[in-house]
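User: I would like to go through the reasoning behind some of the labels used for this model, with each value set against its cut-off.

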Amino acid sequence: MNIRCIAVDDEPLALDILESYISKLPYLQLVKTCSSATEAMQVLQEEQVDLMFLDIEMPELTGIQFLNILKNQPLVIFTTAYPEYAMEGFNHDAVDYLLKPIPFDRFLKAVTKAQERLQQRHPKQAEQTIVNHAAAPEQEFMFVKADYKTIRVDFKDILWIEGLKDYVIIQTKDQKIITLLSMNKMMEKLPESKFLRVHRSFIVALQKIDSIEKSRIRIGQKEIPIGEVYKDQFLKWVEENNIM
């Protein structure tokens, strides 16, 4: 039972974050991102949608006004920067109410609630979902904003990632990609099995490490320091993989 969902928000960055989070969960299928309630209404008329991530403060129609006129609405998770709308949101039988900026763990908790509701409605489909999830492959790429466009980055091509204040530099085997993201947000996009943060300013692709010397990692000609805060985690990975 894949959960077909849409995200509705007039802020492009908010939609980008939701799209990134949705892409991390194989059972969530993003039908479309919408920048207004009227656009979302059109999608709901044409597509089967199980779950809607809905901003409240939007021009033309607010999320609450949209729900008031919507018939046969899907499950709703509200996303907003304004906590004062919480009570009104839950009065509309919302699954959950997420405050921006939305941490991934909080997003996952809300989606799990929606999943439980859908499983109660469709128990046979829910049983099949468990089987499908066990065989779901790990995602092999991500999308990032850079140079006024959205770029696909394959995880296998990344060598390391360097943080510079509010930006990160993604160093691949062919190019440098500069994107407006924090290191924490970048880590949320990356598969834990392939990447590790080894310094406040560096994330490394574990399979690309050429050598380890004291408190340094070498990838090609690049020397990357291992920070004290991250040393134990790195040494644990070294031990688990019988490297030294």
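The exchange below takes up burial, cores, strand pairing, hairpins and unusual backbone angles in turn.

User: What kind of model is this, and how do you know that C5 is buried?

Analyst: This is a predicted model, and the burial label rests on a computed accessibility. C5 has a relative accessible area of 0%, and buried means under 20%, so C5 counts as buried. The value for C34 is likewise 0%, and therefore C34 is called buried on the cut-off of under 20%.

User: How many disulfides are there, and what would make a pair of cysteines count as one?

Analyst: The count comes to zero disulfides. To be counted, a pair of cysteine sulfur atoms would have to lie within 2.5 Å.

User: What makes a set of residues a nonpolar core, and which residues have the most contacts inside the largest one?

Analyst: The residues must be buried, belong to the nonpolar types that the rule admits, and be joined through side-chain atoms within 4.5 Å. The largest such core has 23 residues, and those with the most contacts inside it are L25, L28, L51, F53, I77, F107 and V111. Two or more residues are given to this core by each of β1 (3-8), α1 (12-23), β3 (51-55), β4 (75-80) and α5 (104-121), and the largest share, six residues, comes from α5. Apart from this core lies another, of 20 residues, which includes V43, L44, M58 and A94.

User: Which residues does F53 touch, once residues up to four places away in sequence are not counted?

Analyst: F53 touches C5, I6, A7, V8, L18, I22, I77, T79, F107 and V111.

User: Why is D157 called buried, and where does D157 lie?

Analyst: D157 is placed in the loop between β7 and β8. Its relative accessible area is 16%, and because the cut-off for buried is under 20%, D157 falls in that class. Leaving aside neighbours within four places in sequence, D157 is in contact with Q171, T172 and K173.

User: What makes the link between D154 and R152 a polar contact?

Analyst: The side chains of D154 and R152 are joined at 2.8 Å, and a polar contact requires a suitable pair of N or O atoms within 3.5 Å, so the label applies. D154 is found in strand β7 (residues 149-154), and, beyond neighbours within four places in sequence, D154 is in contact with E140 and F141.

User: How do you know that β8 and β12 pair, and what is the order of the sheet of five strands?

Analyst: Two strands pair if at least two bridges are found between them, and three bridges join β8 (residues 158-164) to β12 (residues 202-205), which run antiparallel, so the two count as paired. W160 stands opposite V204 in β12. The open sheet has the order β10-β9-β8-β12-β11, with antiparallel pairing.

User: Why are β10 and β11 called edge strands?

Analyst: β10 (176-179) and β11 (195-199) each pair on one side only.

User: What makes β13 and β14 a hairpin, and how does β14 go on to β15?

Analyst: β13 and β14 pair in the antiparallel sense over three bridges, with two residues between them, and K214 in the turn has a positive phi of about 55°. Four bridges then join β14 to β15 (residues 222-225), again with the strands running antiparallel, and in their hairpin G220 takes a positive phi near 60°. Along β14 (residues 216-219), I217 and I219 point to one face and are buried, while R216 and R218 point to the other and are not.

User: Why does E213 count as exposed?

Analyst: E213, which lies in β13 (residues 211-213), has a relative accessibility of 55%, and exposed means over 50%, so E213 meets that cut-off.

User: What makes the backbone at D147 and Y148 unusual, and are they buried or exposed?

Analyst: Most residues other than glycine have a negative phi. D147, however, has a positive phi of about 55°, and Y148 has one of about 65°. D147 is found in the loop between β6 (141-146) and β7, and Y148 is placed in the loop between β6 and β7 as well. With relative accessibility of 64% for D147 and 91% for Y148, and a cut-off of over 50%, both are therefore exposed.

Technical notes:
Residues numbered from 1 in each chain as written. Predicted model: local features only at pLDDT ≥ 70, side-chain atom pairs only at ≥ 80, totals over all residues. Heavy atoms only, no water. Polar contact = N/O pair within 3.5 Å; in protein donor to acceptor, adjacent residues only side chain to side chain. Contact = heavy atoms within 4.5 Å. Buried < 20%, exposed > 50% of the residue type's maximum accessible area, 1.4 Å probe, protein only.
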